[in-house]
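Biologist: Before any term is accepted, I should like each one set against its criterion. Please show the model, and we shall begin with burial and charge.

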Amino acid sequence: MKTLGVAVLAGLILCGLAFEQRSNPSRAMGPAQPALPSGSGETEASTSTRQEATEQQPQDFNARCHTAGVVVCQGFDSPLINIAARWPAPGLYPGGDNSIHGKFDRSEKASGEGSLQFEILTHTGANAAGYWRQPLGTNFGAGATFYVQFRERFSPEMLTNNWGDTTWKQIIFHNESVTCGQVELSTAQYYHAGFPIMYTDCGGRGVVTNDGTPPYKLEQGDYNCWYGRTNAKDCFLYPANQWVTFYYQISIGHWGKPDSTINAWVGLDGKPMQEWIKMANFILKNDNPGHDYDCVTLLTYMTNKSAGLDLPTAYAWYDELIVSTKPIAPPTPTRAH
């Protein structure tokens with residue numbers, strides 16, 4: 001991928017990344033012209049968390065759910081998850097056609113009885129599959145640290161379809177009132193490049209090193225995924241038809257100051273966790289303190305997705321969502337089923 005200017009990169013990051021939830025949860029916002037952030041050091045706290053993430057012994061889902069600090073434990077293990085939720089309750093919400101395209105899937109699961117499957121049909125727009133909304137029941141503001149872990153599986157079509165001028169999201173940490181704003185940390189595929197990135201401020205700032213001035217790293221930690229030099233050796237690439245563990249530690253310092261830390265790890269089934277986001281001294285913003293991180297949304301939303309595209313049906317599955325105030329052990333390997 002050839003190197004682009006920062007302004008062009010910022011605009012492309014926004015393609016497929018703006019998704020707002022207010023009283024109308026499927027409203028899409030238009031892009032703004034963003035700047036990218038600073039911060040790349042390592043603190044004693046982030047070093048400790050890194051050790052906990054890589055050295056803890058694997059535990060099954062039930063054991064992880066019953067450890068101290070857990071505020072959300074969702075295993076997607078019942079057909080009852082098929083029932084559409086009523087705003088602002090947790091659960092499934094419809095796609096752009098007002099139909100539910102998420103469902104309980106007993107055939108694919110990381111553990112338990114099943115998982116949550118999203119189906120992206122051909123000739124569908126931005127909100128093709130709807131989303132799962134998960135309020136946390138607690139508020140994480142200045143001075144707080146929270147941890148999120150989930151497992152996800154991608155069909156080959158998720159990775160090979162040419163989605164056009166857009167790309168898909170995976171998860172958003174946000175305030176219940178809005179997913180696209182200052183209090184937002186999203187994970188999404190980078191362009192059509194087959195690997196994840198993180199951003200905040202409704203796509204306005206990427207979680208990258210060096211103030212977003214080339215050369216900078218899109219993925220850090222155990223990876224050296226440099227902007228303009230992305231490759232399979234230095235970047236974590238999504239695998240098809242495998243359960244992948246995504247694990248995050250978010251430590252909020254003072255709003256608007258460079259003292260927050262974002263760490264994220266990824267793990268293929270049965271293999272050690274590898275850090276792909278390692279950002280200390282990061283600026284997290286909130287123009288309305290007290291309305292802080294209190295919700296997680298799982299989704300495959302793609303801004304600018306054209307309903308005119310004739311594409312094979314694609315699927316993404318989620319399982320084992322845990323949110324905690326304390327570090328979460330890695331999962332045991334998925335059993336064959």
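Biologist: In this predicted model, why are R64 and E320 called buried?

Modeller: Buried means under 20% relative accessible area. Both R64 and E320 are classed as buried, so each has a relative accessible area under that limit.

Biologist: What makes the contact between R64 and E320 a salt bridge?

Modeller: The criterion is a side-chain nitrogen of Lys or Arg within 4 Å of a carboxyl oxygen of Asp or Glu. The side chains of R64 and E320 meet at 2.8 Å, N to O, so the pair satisfies the criterion. R64 belongs to helix α3 (residues 61-65) and E320 to strand β17 (residues 314-324), so this salt bridge ties together parts that are 256 residues apart in sequence.

Biologist: How do you know that E320 also forms a salt bridge with R151?

Modeller: The closest N and O atoms of E320 and R151 are 3.4 Å apart, and the limit is 4 Å, so this pair qualifies as well. Because R151 lies in strand β6 (residues 145-154) and E320 in strand β17, the pair ties together parts that are 169 residues apart in sequence. R151 is buried, as is E320. Salt bridges with shared partners join R64, R151, D269 and E320 into one network.

Biologist: How many salt bridges does the structure hold, and what can be said of D201 and R205?

Modeller: There are nine salt bridges in the structure. One joins the side chains of D201 and R205 at 2.8 Å, N to O, and D201 and R205 are both buried.

Biologist: R205 is also part of a strand pairing; what makes β9 and β10 paired strands?

Modeller: Two strands pair if at least two bridges are found between them. Strand β9 (residues 196-200) and β10 share two bridges in the antiparallel sense, so the requirement is met. T200 stands opposite R205 in β10.

Biologist: Why is β10 (205-206) called an edge strand?

Modeller: The open sheet has seven strands in the order β2-β5-β16-β7-β8-β9-β10, with antiparallel pairing. The strands β2 (91-93) and β10 each pair on one side only, and they are the edge strands.

Biologist: Is Q220 buried or exposed, and how do you know?

Modeller: The relative accessible area of Q220 is 3%; the limit for burial is 20%, so Q220 is buried. This residue lies in the loop between β11 (217-219) and β12 (225-226).

Biologist: What makes the approach of Q220 to K278 a polar contact?

Modeller: A polar atom of the Q220 side chain lies 2.9 Å from the backbone nitrogen of K278, and N or O atoms must be within 3.5 Å, so the pair meets the distance limit. The Q220 side chain also reaches the backbone oxygen of L218 at 3.4 Å. Beyond four places in sequence, Q220 touches several residues, among them V207, V208, W276 and M279.

Biologist: Which residues touch the most other members of the largest nonpolar core?

Modeller: They are F173, F246, Y248 and Y293, in a core of 54 residues. The largest share, five residues, comes from β17. A second, separate core has ten residues, including Y190, F195, Y227 and C235.

Biologist: What share of the whole chain counts as buried?

Modeller: Of the 337 residues of the protein chain, 55% count as buried. The chain has four helices and 17 strands.

Key: Residues numbered from 1 in each chain as written. Predicted model: local features only at pLDDT ≥ 70, side-chain atom pairs only at ≥ 80, totals over all residues. Heavy atoms only, no water. Buried < 20%, exposed > 50% of the residue type's maximum accessible area, 1.4 Å probe, protein only. Polar contact = N/O pair within 3.5 Å; in protein donor to acceptor, adjacent residues only side chain to side chain. Contact = heavy atoms within 4.5 Å. Core = buried A, V, L, I, M, F, W, Y, C linked by side-chain atoms within 4.5 Å.
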